[in-house]
Amino acid sequence: MQFDFLKYQGTGNDFIIADNRKQLYNELSTETVRHLCDRKFGIGADGLILLNNSITHDFEMQYFNADGNIGSMCGNGGRCIVQFAHDNGIVKDSYVFEAADGLHEANITQQKIVQLKMNPVNAVQYFNDYSVLNTGSPHYVSYGVGVKNKDVFAEGKAIRYNETFSKEGINVNFVEVMGANNIFVRTYERGVENETASCGTGVTAAALMYPQNSIGANNIQINTIGGNLNVTFNKINDQQFDNIYLCGPASFVFKGSIQI
Ligand SMILES: N[C@H](CCC[C@H](N)C(=O)O)C(=O)O
């Protein structure tokens, strides 16, 4: 059958997005998704997203990792599907959509920045040189220096596949403080099993763990290989964060169709 898609990217994290409101793509197999995301044999993407009907809200986001498996929440994908919805006839001042981790509110500013509300974080595990938290997807966050020249693939992979994390997998973020409220983040993504240009739930986790953050309102600027993002949040205490917004551009790249 023919699979019609649009390609979107949010700070270089790229996604195949298909409108599934007619339910033509309900039966995509793991192998098909993996093939479509393959950069040599398919379209190429870090993940595939279906826009499904929702009875109660604007739409549902169904996210698959590039390896074909159903993923958890994807922050950059969430920003991209909001822009996709806006570009493809679902025009609203603000959106509420369903995703793997529950409901998300979003809006697009006049400067074309997609502001995506993330779910509150209620638990953080702190260790000597890293922390683990779930911002819709599980993240390992390690602050350090020399992130620009780090071997993110090798070091990220070693952590993702170590005894603690290998079963469920984890996304591994290496973070460096660049200035006041400004960090640089590189991420090894589970499900892509490689470094991506940017990871939305990853930069969110990294921002929440900014060492000099304060109780109350925070605003962190994030540089990634794929561009700049901004995360604002309210810190309640070391374990609890709410009012979290992931903000940045999301753009249409091209459209096409492929036989599956
Ligand atoms: N790129 C995504 C993360 C996808 C999550 C996925 N890699 C996983 O945890 O399985 C983001 O922007 O948040």
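Good morning. I shall begin in the loop between β1 (2–10) and β2 (13–19), which is where Thr11 is found. The model is a predicted one, and the remarks that follow should be heard with that in mind. Thr11 is not a glycine, yet its phi is positive, at about 40°. Is Thr11 buried or exposed? Its relative accessibility is 4%, and because buried means under 20%, Thr11 counts as buried.

A second residue invites comparison. Asn181 sits in the loop between β11 (171–179) and β12 (182–189). Here too the residue is other than glycine and phi is positive, near 55°. The surroundings of Asn181 are described by a relative accessibility of 33%, so this residue counts as partly exposed.

Let me turn to the interior. The largest nonpolar core has 47 residues, and the members that touch the most others are Phe59, Met61 and Ile222. Which domains contribute to this core? At least three residues come from domain 1 (2–109 + 250–259), and at least three come from domain 2 (124–248). There is also a second, separate core, of 15 residues, with Leu28, Cys37, Ile43 and Leu50 among them.

Ile222 deserves a closer look. Setting aside neighbours within four places in sequence, Ile222 is in contact with Ile183, Val185, Val203 and Ala207, and also with Gly227, Asn228, Leu229, Asn230 and Val231.

That brings me to the strands. Ile222 belongs to a core, and strand β14 covers residues 216–224. This strand pairs with β15, residues 227–235, in the antiparallel sense, over nine bridges. Within that pairing, Gln221 stands opposite Asn230 of β15. How many residues form the hairpin that joins β14 to β15? The connection is made through two residues.

On from β15, the next partner is strand β16, residues 241–248; the two run antiparallel and are joined by five bridges. Lys235 stands opposite Phe241, which lies in β16. The hairpin from β15 to β16 passes through five residues. As a general point, side chains in a regular strand alternate between the two faces of the sheet.

Next, two helices. Helix α4 spans residues 200–208 and is mostly covered, with nine of its nine residues buried. Those buried residues include Gly200, Thr201 and Val203. Val203 and Ala207, both buried in α4, have already appeared as contacts of Ile222.

In helix α2, residues 75–87, we find Gln83. Its relative accessibility is 8%, and therefore Gln83 counts as buried. Which residues does Gln83 touch, if those up to four places away in sequence are not counted? They are Tyr8, Ile108, Val114 and Ala250.

Finally, the ligand. There are 15 residues around it, and those that come nearest are Gly75, Asn171, Arg190, Gly200 and Thr201. Gly200 and Thr201 are among the buried residues of α4. Three polar approaches can be described. A polar side-chain atom of Asn171 lies 2.7 Å from a ligand oxygen atom. For Glu189, a polar side-chain atom lies 2.8 Å from a nitrogen atom of the ligand. With Arg190, what lies 2.8 Å from a ligand nitrogen atom is a backbone N or O atom.

To close, I return to two points. The largest nonpolar core draws on both domain 1 and domain 2, and Ile222 is one of the residues touching the most other members of that core. Thank you.

Conventions
Residues numbered from 1 in each chain as written. Predicted model: local features only at pLDDT ≥ 70, side-chain atom pairs only at ≥ 80, totals over all residues. Heavy atoms only, no water. Core = buried A, V, L, I, M, F, W, Y, C linked by side-chain atoms within 4.5 Å. Buried < 20%, exposed > 50% of the residue type's maximum accessible area, 1.4 Å probe, protein only. Domains from an automatic or database assignment. Contact = heavy atoms within 4.5 Å. Pairing = 2+ DSSP bridges. Helix = DSSP H or I, 4+ residues; strand = E, 2+ residues; numbered from the N terminus. Near = heavy atom within 4 Å. Polar contact = N/O pair within 3.5 Å; in protein donor to acceptor, adjacent residues only side chain to side chain.
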